[in-house]
Amino acid sequence: MPDNKEFNSPASEITPQTLFNSRRQFMRLAAATAAVGVLPGMADAKALPKLHYTRNKSLSTSETKTTPYDVTHYTNFYEFDTSKFTPYAYASQLKTRPWTITIDGEVKKRKVVDIDRLIKLAPLEERIYRMRCVEGWAMVIPWLGYPLSKLLKQVQLTSRAKYVEFISLEDPLQMPNQQTDVLQWPYREGLRLDEAMNPLTLLTVGLYGERLPNQNGAPVRVVVPWKYGFKSPKSIVQIRLVEYPTTTSWMLASPTEYGFYANVNPLVDHPRWSQATEQRIGEHGRRDTLLFNGYGKYVEKLYIGMNLVDYF
Ligand SMILES: Nc1nc2c(c(=O)[nH]1)N[C@H]1C(S)=C(S)[C@@H](COP(=O)(O)O)O[C@H]1N2
Ligand SMILES: [Mo]
């Protein structure tokens, strides 16, 4: 972005007019850089080679995809702002190179992987997943990545490794909303080891055929399509194998509203939002929300014998 001054004002001052102006400015910039990529917010993309991938048809839905514009302009990224409309602009300056992920905790040997090596670790797949936010909106997004299990199989786990913790970048200079305490930073999420090893759990480096735009979690995030969106930590710098479930940032913010599991479940309402139906962004009307977001065939076996009202 050539001039981001207007985005340095507090979120409360951002008016529809500011957004409109910045969008126009942005569209001009996008036109000027169209050869680089179609997705906005790809600050570093110029310097980087294109991603090569093949579509995983059997794990992709054939439902209508959410437009690239909506996928990249309606994002949740509290490190930048609590508004969904501004992260695409605020995040544009995030430096995503050099970038490493440290894998540590209950492993025999700690490992630090550079993002570019990580991208080359396995052939990338395109997977079109349904995503469902706990606030009641949903999208269908073509992600690029590979199963997180491929990475976890590269490290030797100790017998105490039962859960996986994900830690996002903490850098208040680059992530201005970390100067507030809307959440406890760094953003932390967690999965049980078998959830992390499930073939659907995607270590994600791109969307719509390109590298992740910053606001969608560049350079690397996790996508867990049978859980609510907040279980998809963005801009990850550390993966820790742990013995006990992580108390996640959302659990710390409100333990009665956010549990560790956060499986999409139409029968278990969030205290403030019904989970029975959802609004697909770009669609009129609401759809019924499906148990495990429709991925039960792949994941219901993980929860046999668990009361999902207690383990919400
Ligand atoms: N680090 C970090 N990861 C995050 C969030 C966040 O605020 N910070 N928001 C979560 C929420 S609430 C959602 S719905 C998804 C949204 O992903 P998307 O904006 O790429 O669709 O990211 C999740 N991952
Ligand atoms: Mo969300």
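Just over half of the chain is tucked away: of the 312 residues in the protein chain, 57% count as buried. The model is a predicted one, and its secondary structure comes to eight helices and 13 strands. As for how the chain packs against itself, take the contacts with a separation of 6 or more: residues 24 or more positions apart account for 71% of them. On the outside, the protein chain exposes about 14400 Å², with carbon and sulfur atoms supplying 54% of that area.

The bound molecule comes next. Ligand 1 takes up the space of the largest pocket. There are 17 residues around ligand 1, and those that come nearest are Tyr-78, Glu-79, Arg-221, Ser-232 and Lys-234. Tyr-78 also turns up in the polar contacts, with a backbone N or O atom sitting 2.7 Å from an oxygen atom of the ligand. The backbone of Asn-76 does something along those lines, with a polar atom 3.2 Å from an oxygen atom of ligand 1. With Ser-168 the side chain does the work: one of its N or O atoms is 3.1 Å from a nitrogen atom of ligand 1. Taken alone, ligand 1 exposes 530 Å², and the protein buries 97% of that.

Two cis peptide bonds deserve a look. One joins Arg-97 and Pro-98, with omega at about -10°. Arg-97 is found in the loop between α3 (87-90) and β2 (100-105), and Pro-98 is placed in the loop between α3 and β2 as well. Despite its charged side chain, is Arg-97 buried or exposed? Arg-97 counts as buried because its relative accessible area is 18%, under the 20% cut-off. The Arg-97 side chain also has a polar partner, reaching the side chain of Asp-116 at 3.0 Å. The other cis bond runs from Ala-218 to Pro-219, where omega is near -5°. Pro-219 belongs to the loop between β9 (210-211) and β10 (221-223).

Backbone oddities of another kind show up at Ala-262 and Phe-292. Ala-262 is not a glycine, yet its phi is positive, near 55°. Ala-262 lies in the loop between α7 and β12, and with a relative accessible area of 5% it is buried. Phe-292, another non-glycine residue, has a positive phi of about 55°. Its place is the loop between β13 (287-288) and α8 (296-299). Phe-292 counts as buried because its relative accessibility is 4%, under the 20% limit.

The loop between α7 (249-253) and β12 (277-280) also holds Pro-271. Is Pro-271 buried or exposed? Pro-271 is exposed, since its relative accessible area of 57% is over the 50% mark. Even so, Pro-271 has partners away from its sequence neighbours: leaving out residues up to four places away, Pro-271 touches Thr-256 and Glu-257. From Pro-271 to Tyr-258 the C-alpha to C-alpha distance is 9.4 Å, and the two are 13 residues apart in sequence.

Note on methods
Residues numbered from 1 in each chain as written. Chains lettered and ligands numbered in written order. Predicted model: local features only at pLDDT ≥ 70, side-chain atom pairs only at ≥ 80, totals over all residues. Heavy atoms only, no water. Helix = DSSP H or I, 4+ residues; strand = E, 2+ residues; numbered from the N terminus. Buried < 20%, exposed > 50% of the residue type's maximum accessible area, 1.4 Å probe, protein only. Contact = heavy atoms within 4.5 Å. Near = heavy atom within 4 Å. Polar contact = N/O pair within 3.5 Å; in protein donor to acceptor, adjacent residues only side chain to side chain. Areas by Shrake-Rupley, 256 points an atom, 1.4 Å probe, with all protein chains shown as cover. 1 Å grid on protein atoms, 1.4 Å probe; cavity = no way out; pocket = protein on both sides within 12 Å on 5 of 7 lines; lining within 4 Å. Sits in = over half its atoms within 2 Å of the grid points.
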